[in-house]
Amino acid sequence: MYLSLLVTSLAFAGSVTAKQCQNLTVPVCISARNGVFNIPALQGNADATTFAQNLTSIRGNFTQEALLGYATVSGTYNISAKFCKPDVANGTHPTVQVLTHGLGFDKTYWDLPFNDFNYSYIDVAVDQYGFSTLSIDRLGEGNSSTADPLSVLQVPAEMSVLYELTSMLRNGTLPNVPHAFSKIVHVGHSFGSALSYLLAVMHPTASDGLILTGFSQNGSYLAATVASWDSKLARLNQPLRFGNISYAAVSGAISMLGSSSSNTSQISSSLAKYNISLGELQQLFQTTDLGDLIAGARPTDSPHQADLPSGYLTWTDAGSNQFAFFLPEFFDPSILQFAESTKFPYTLGELLTIGSGPPMAPEFKGPVQIVTGRQDAIYCGGDCLATGDPALASIPAKSKMAFPAAKAFEAYIQPDTAHGINLHYNSTAVYNVIQRFLNSQGLAPS
């Protein structure tokens with residue numbers, strides 16, 4: 001049966017040539033029970049370090065220590081999204097995949113504008129398999145509305161956004177998408193997977209299938225991850241994208257630098273006096289936070305989320321980025337620089353609530369596939385097969401117990417891949433694994 005489905009999928013793949021996409025701004029009304037935390041406003045990077053020290057300490061549960069109670073947060077926020085569909089309809093019952101990115105990214109994680117979009121998940125899902133997709137900028141990220149990074153941007157509020165968007169797709173009320181979808185699949189990455197999982201817990205009939213990438217329910221390594229990030233205030237780490245520095249002043253400085261740096265031999269000669277090579281200078285900007293300081297300064301760049309509050313944080317540099325998301329020798333070095341210069345922040349509220357939610361989704365009946373890189377550092381400590389239990393195939397496989405009513409469960413471990421699955425050389429291979437799983441579970445467009 002699986003072979004016949006695969007043949008059908010491949011035959012259909014040859015019939016689809018392009019995708020049609022439209023950018024959307026969707027007003028979403030949310031209501032969520034968020035935590036109220038006693039966290040003083042961060043005044044500088046030292047405060048961000050102190051917060052990380054408290055959060056990762058083994059002395060106790062800092063989230064519980066800082067929790068004062070709960071309050072309902074509500075309001076209407078604009079969510080930036082991109083809806084894509086095949087250029088040729090393949091039936092009357094399309095399936096839409098709702099794509100939710102993780103911390104440090106925006107919706108372009110699914111349609112990466114790097115190397116002529118050769119890493120695009122959406123291209124594979126839509127062009128080759130005929131799915132529709134709705135990729136979103138999570139609340140507070142990308143082109144979506146900003147919000148208070150402590151009181152609003154928490155797991156419950158962001159899951160509320162996901163639920164409301166899903167309801168619009170189900171009811172045919174998503175602006176400019178006049179179709180009521182009977183088959184909706186939720187595909188997440190990392191924090192986006194955690195939100196998709198919580199959706200299945202709280203609203204078990206909202207989704208017809210779950211694909212949780214960069215995911216396990218083992219939180220043992222989250223403290224090491226937060227420590228490795230060496231978090232800084234986003235507005236100070238990349239001030240051109242997230243702060244309030246004058247672009248005119250920076251442009252003038254860069255113009256002066258450009259005119260003085262046109263003579264490479266002169267620069268090399270000057271650096272030689274200090275025993276520094278031009279290559280070392282380049283490394284200094286590419287692998288330290290000096291590169292982050294000028295991110296967004298090119299004429300083709302545009303500011304993103306300017307003048308963010310201090311509760312928006314980011315990891316310190318490309319080294320921290322590589323440690324958490326990349327497996328050496330299995331990614332293009334240029335994509336690391338691209339990912340660092342285009343990264344997005346995470347918030348105090350997200351870090352405080354990332355582990356919230358019940359450990360099981362007992363009423364979810366759809367199929368579940370967990371897809372995690374074998375060398376995932378965040379959820380597997382660097383080796384997802386190192387379970388210490390001969391009866392347990394992988395760390396993500398343990399989550400099967402969380403879905404007792406699921407139609408099917410699979411934990412797929414992608415070789416030679418770390419946490420940032422879509423950023424590795426072999427990313428498109430895993431995209432095909434996902435689409436074939438959905439097809440095998442009766443969720444293909446029809």
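This passage walks through the disulfides and some of the strands of a predicted model.

The disulfides make a handy starting point. A disulfide is a covalent bond between the sulfur atoms of two cysteines. In this model the count comes to 2 disulfides. One of them links C21 and C84, whose sulfur atoms sit 2.1 Å apart. C21 belongs to strand β1 (residues 19-37) and C84 to strand β2 (residues 67-86), so this bond ties together parts that are 63 residues apart in sequence. The link is right-handed, with 110° about the S-S bond. Its two ends are not equally covered: C21 is partly exposed, at a relative accessible area of 36%, whereas C84 is buried, at 0%.

The other bond joins C380 to C384, with an S to S distance of 2.0 Å. Here the torsion about the S-S bond is about 90°, so this disulfide is right-handed. C380 is buried, with a relative accessible area of 2%, and C384 is buried too, with a value of 0%. If the bonded cysteines of the protein are numbered in sequence order, the pairing reads 1-2, 3-4.

Back at C84, the trail leads on to another strand. C84 stands opposite T133 in β4, and β2 and β4 run antiparallel, joined by 4 bridges. T133 in β4 also has Q97 standing opposite. That fits with the pairing of strand β3 (residues 95-100) and β4, which is parallel and spans 5 bridges. To get from β3 to β4, there is a helix to count in: β3, helix α4 (residues 121-128) and β4 make a right-handed β-α-β unit.

Strand β4 (residues 132-136) is mostly covered, and 5 of its 5 residues are buried. In a regular strand the side chains alternate between the two faces of the sheet. In β4, S132, L134 and I136 point one way while T133 and S135 point the other way, and all are buried. What this says is that residues pointing either way from β4 are buried.

Further along the chain comes another bit of sheet. Three strands form an open sheet there, in the order β7-β8-β9, with antiparallel pairing. The edge strands are β7 (232-233) and β9 (346-347), each of which pairs on one side only. Strand β8 (residues 312-314) pairs with β9 in the antiparallel sense over 2 bridges. Within that pairing, L313 has Y346 in β9 as its bridge partner.

Conventions. Residues numbered from 1 in each chain as written. Predicted model: local features only at pLDDT ≥ 70, side-chain atom pairs only at ≥ 80, totals over all residues. Heavy atoms only, no water. Pairing = 2+ DSSP bridges. Disulfide = S-S within 2.5 Å. Buried < 20%, exposed > 50% of the residue type's maximum accessible area, 1.4 Å probe, protein only. Right-handed = clockwise from strand over helix to strand, strands pointing away.
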